[in-house]
Amino acid sequence: MSFYQDAVNKLFREVSEGNETADRISMPLLFMMRHAMELGYKYTITKICEFNGTKYNPRKDRHDFLELHKRLKKEFYTLWQNGGVSDAKKDGFDEYYDITEAAMIWFNENDPFGENFRYPQQGSAHDKKVNLLEVKDKFDEAMTLLTVTVDVITDGMET
């Protein structure tokens, strides 16, 4: 996940510094953003399931951001209800979960099956104009939840 996140930041920097054009970079950049988020969801859900004493099969959710987003909340709430995290950590999770939802919705609307940015076809995502800065901001906000949740949960726990 972090390698994709680093690649996103490098490609975005190339565009923002004028070393590359947005038209040339946008599809790979959007693909990597979506993929990094998907990996973040699946990693976080997997780890929370381990804390809950359950197994998670990421193949079941495939590339479906709506399902991944719901599953993340369900598993986190199970952990909270079982005393695995404090109310304060749950409140922080809720705040970032809502923020992450904006990016999840954008990517779900523009690439619901994780294919439009990989295999652009007529009438798909490649025909749309995108404000890369807006999408990058949403991505960065989403990655906050998807990269720190496990660290926040394990703070003070023996792993």
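Leaving aside its neighbours within four places in sequence, which residues is F107 in contact with? Contact here means heavy atoms within 4.5 Å, and the partners of F107 are L30, M33, R34, M37, F65, P112, F117 and V135. Keep that group in view while we walk through the rest.

A few ground rules help with reading. This is a predicted model, where local features need pLDDT of at least 70 and side-chain atom pairs count only at pLDDT 80 or more, while totals for chains, interfaces and linings use all residues. Residues are numbered from 1 along each chain as its sequence is written, and side-chain values use heavy atoms, with hydrogens and water left out.

Let us start with helix α1, which covers residues 2–16. Helices are DSSP runs of H or I with at least four residues, numbered from the N terminus. The expected span of a helix is 1.5 Å times one less than its number of residues. For the 15 residues of α1 that gives 21 Å, and the end C-alpha atoms are 21 Å apart, which agrees.

Which residues of α1 are buried? They are Q5, V8, L11, F12 and V15, where buried means under 20% relative accessible area, exposed means over 50% and partly exposed lies in between, using a 1.4 Å probe and protein chains only. These buried residues cover an arc of only 130 degrees around the axis, so they sit on the same side of α1. The arc is taken from the directions that run from the helix axis to the C-beta atoms. On the other side of α1, F3 and K10 are exposed. The cover over the buried residues includes α2 (22–52) and α6. After α1 comes G18, whose phi is positive, near 80 degrees.

Q5 shows how α1 meets other parts of the chain. Leaving aside neighbours within four places in sequence, Q5 is in contact with A36, F139, M143 and T147. From Q5 to F107 there are 102 residues along the chain, and their C-alpha atoms are separated by 16 Å.

That brings us back to F107, which is found in helix α5. F107 counts as buried because its relative accessibility is 1%. The C-alpha atoms of F107 and F139 are separated by 9.4 Å, with the two residues 32 apart along the chain.

Just past α5 (87–110) is D111, in the loop that leads to α6 (132–154). Is D111 buried or exposed? D111 is buried, because its relative accessible area is 1%. One polar atom of the D111 side chain lies 3.2 Å from the backbone nitrogen of G114. D111 also touches R34, N116 and F117, not counting residues up to four places away in sequence.

Further on, K136 has its place in helix α6. With 7% relative accessibility, K136 counts as buried. Outside the residues up to four places away in sequence, K136 touches V8, N9, F12 and M33. The charged end of K136 sits over the ring of F12, 5.4 Å from its centre. For a charge to sit over a ring, NZ of Lys or CZ of Arg must be within 6 Å of the ring centre and within 35 degrees of the ring normal. K90 does this too, with its charged end over the ring of W80, 4.9 Å from the centre.

Rings also meet one another, and the structure holds seven aromatic pairs. Rings of Phe, Tyr and Trp (its six-membered ring) pair if their centres lie within 6.5 Å; planes under 30 degrees apart count as stacked, over 60 as edge-to-face and the rest as tilted. One of the pairs is F76 with F93, which is stacked at 3.9 Å centre to centre with 5 degrees between the planes. This pair links distant parts of the chain, since F76 is in helix α4 and F93 in helix α5, 17 residues apart. Both F76 and F93 are buried, and together with Y97 they form one aromatic cluster.

Two last stops lie elsewhere. R62 is found in the loop between α3 (58–61) and α4 (65–81), and R62 is exposed because its relative accessible area is 57%. Most residues other than glycine have a negative phi. Phi of R62, however, is positive, near 50 degrees. Finally, Y43 lies in helix α2 and is partly exposed, with a relative accessible area of 41%. Y43 touches M1 and V150, not counting residues up to four places away in sequence.

Methods
Helices (H or I, at least four residues) and strands (E, at least two) are DSSP runs, numbered from the N terminus. A polar contact is a pair of N or O atoms within 3.5 Å; within protein, one must be able to donate a hydrogen and the other to accept it, and residues adjacent in sequence count only if both atoms are side-chain atoms.
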